[in-house]
Amino acid sequence: MTRRSPIRLHRKAIELTLRHPWTIARGTSAVRHNVLTRIEHGGFEGYGEAAPNARYAEDAGTVLKALDDMAPLLGDDPARHEAIIDRLAAALPDSGAARASVDIALYDWIGRQSGLPLYRLFGADPSRAPLTSMSIGIDTIAAMQERAREAVDFKILKIKLGLGNDREILEGIRGVTDVPVYVDVNEGWTDPRAAVEMIRWMESMGVVLVEQPLPAADLDGVRYIRDRVDLPIIADEAVRTLADIAPMASVYDGINVKLQKSGGLRMARLMIDRARALGMKILLGCMVETSIGVTAAAHLSPLVDFADLDGNLLIDGDPFRGVLIRGGRLVLPDLPGLGIDGRW
Ligand code: MG
């Protein structure tokens, strides 16, 4: 037997500039600091990306540190990705974004080495890729209307709310477009009774789902809301990974799965199956990411009910090109692995 060489892991911090300042209920950002990863083995490469989020106590520094700790644990065969990811999760359980970047790079490597686009590894039919929403952060009503007008290619908008002028915002959006709207409150409301009143009003405003209306810890509050409204209530901040899903099945109608929360494609796939088995709806989301992270998620999109995969469209100067949008629908690359155009 020939000795295999260890998997080599490279990483690089990058600064992403938002096209417009990005405001959600918990804060504003003008730039994001992500980390790109690249694995090398046997003459093939695989690319990944970490998009750390302060909500989960991660930043570029914690990601770089976690990646340094992960590098010696990768072993010598990327095809054993399940064992590798399990090993990383056991050693560094709180490193969702760092682990996601390695998981994505491993899948990209496997796809390139086997000549298969990732969607084929997941048994997904690219012709069933869903529409994606385009997200509009909180801003002046006029600026949000302008974003909505710019989003002519999209058949669904996702509107960020939760800072107090929610009715004015939705009325403003309705002044310029009739497309269905996802609403994301990002834990921004605190009063379940006021939330019920607001969501009932939204039912007449073309809203089709409401994401994370209350703080993740307020399960009684969400139950109170859900018993009194018709719109599906989707958990985002309340569901990070697999073990979080079952306890939420009696609280929420669905979950928002993001590779950066779950720790990558493998766990996201398990979460999709678990949520489906529990009768829950699945929204596939992302963070502010380049086309590496967003394209990785897009390869799972034919398996879900709703997609919000627009993080690469929120930044200026995406260094990569991958998933495209045509008629509001995700178009998956047909090349091996992620199918990304661009190198580093
Ligand atoms: Mg959300």
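Is E146 buried, partly exposed or exposed? Select it and see: E146 is partly exposed, with a relative accessible area of 34%. Keep in mind throughout that you are looking at a predicted model.

**Stop 1: a helix pair**

Stay on E146 and add R149, its salt-bridge partner, with the closest N and O atoms 3.2 Å apart. Both residues belong to helix α5 (residues 141-150), where they sit three residues apart, about one turn of the helix. R149 is partly exposed too, at a relative accessible area of 43%.

Now pick E197 and R167, whose side chains meet in a salt bridge at 4.0 Å, N to O. Here two helices are involved: E197 is in α7 (residues 192-202) and R167 in α6 (residues 166-174), so the salt bridge ties together parts 30 residues apart in sequence. E197 counts as exposed because its relative accessibility is 53%, while R167, at 31%, counts as partly exposed.

For something more branched, select R8, R38, E40, E45 and R343 together: salt bridges with shared partners join these residues into one network. Over the whole structure, a search turns up 28 salt bridges.

**Stop 2: the magnesium ion**

Centre on the magnesium ion and show its protein donors, D184 (OD), E211 (OE) and D236 (OD), which lie 2.0 to 2.3 Å from the ion. Along the sequence the donor residues follow the spacing D-x26-E-x24-D. D184 and D236 link distant parts of the chain: D184 is in strand β6 (residues 181-184), and D236 is in the loop between β8 (233-235) and α9 (245-248), 52 residues apart. Both of these aspartates are buried.

Next, select N256, in strand β9 (residues 254-258). N256 counts as buried because its relative accessibility is 0%. What does its side chain reach at 3.2 Å? Follow it to the backbone nitrogen of G285. Leaving out residues up to four places away in sequence, N256 touches a list of residues that includes the donors E211 and D236, and also K158, K261 and L283, among others.

**Stop 3: a long-range salt bridge**

Move to E237, which forms a salt bridge with R26, the closest N and O atoms being 3.0 Å apart. E237 sits in the loop between β8 and α9, and R26 in the loop between β1 (8-24) and β2 (27-41), so to trace the chain from one to the other you cover 211 residues. E237 counts as buried at 6% relative accessibility, whereas R26, at 38%, counts as partly exposed.

**Stop 4: between the domains**

Colour the chain by its domain assignment: domain 1 is 8-115 and domain 2 is 120-331. Their centres, taken over C-alpha atoms, are 22 Å apart. The contact draws 36 residues from domain 1 and 40 from domain 2. About 3300 Å² is buried between the two, with carbon and sulfur atoms giving 60% of that area. On the domain 1 side, show R19, W22 and Y56: these lose the most area to domain 2, together 20% of what that side buries.

How many salt bridges cross this interface? The rule finds six, and there are 16 residue pairs in polar contact between the domains. To see which elements of domain 1 take part, highlight β1, β2, β3 (44-50), α2 (81-91) and α3 (96-114), each giving two or more residues to the side that touches domain 2. Finish on α3, which supplies the largest share of that side, 10 residues.

Conventions
Residues numbered from 1 in each chain as written. Predicted model: local features only at pLDDT ≥ 70, side-chain atom pairs only at ≥ 80, totals over all residues. Heavy atoms only, no water. Donors = N, O, S within 2.8 Å, 3.2 Å for Na, K, Ca; no water. Helix = DSSP H or I, 4+ residues; strand = E, 2+ residues; numbered from the N terminus. Buried < 20%, exposed > 50% of the residue type's maximum accessible area, 1.4 Å probe, protein only. Polar contact = N/O pair within 3.5 Å; in protein donor to acceptor, adjacent residues only side chain to side chain. Contact = heavy atoms within 4.5 Å. Domains from an automatic or database assignment. Buried area = accessible area lost by both parts, 1.4 Å probe.
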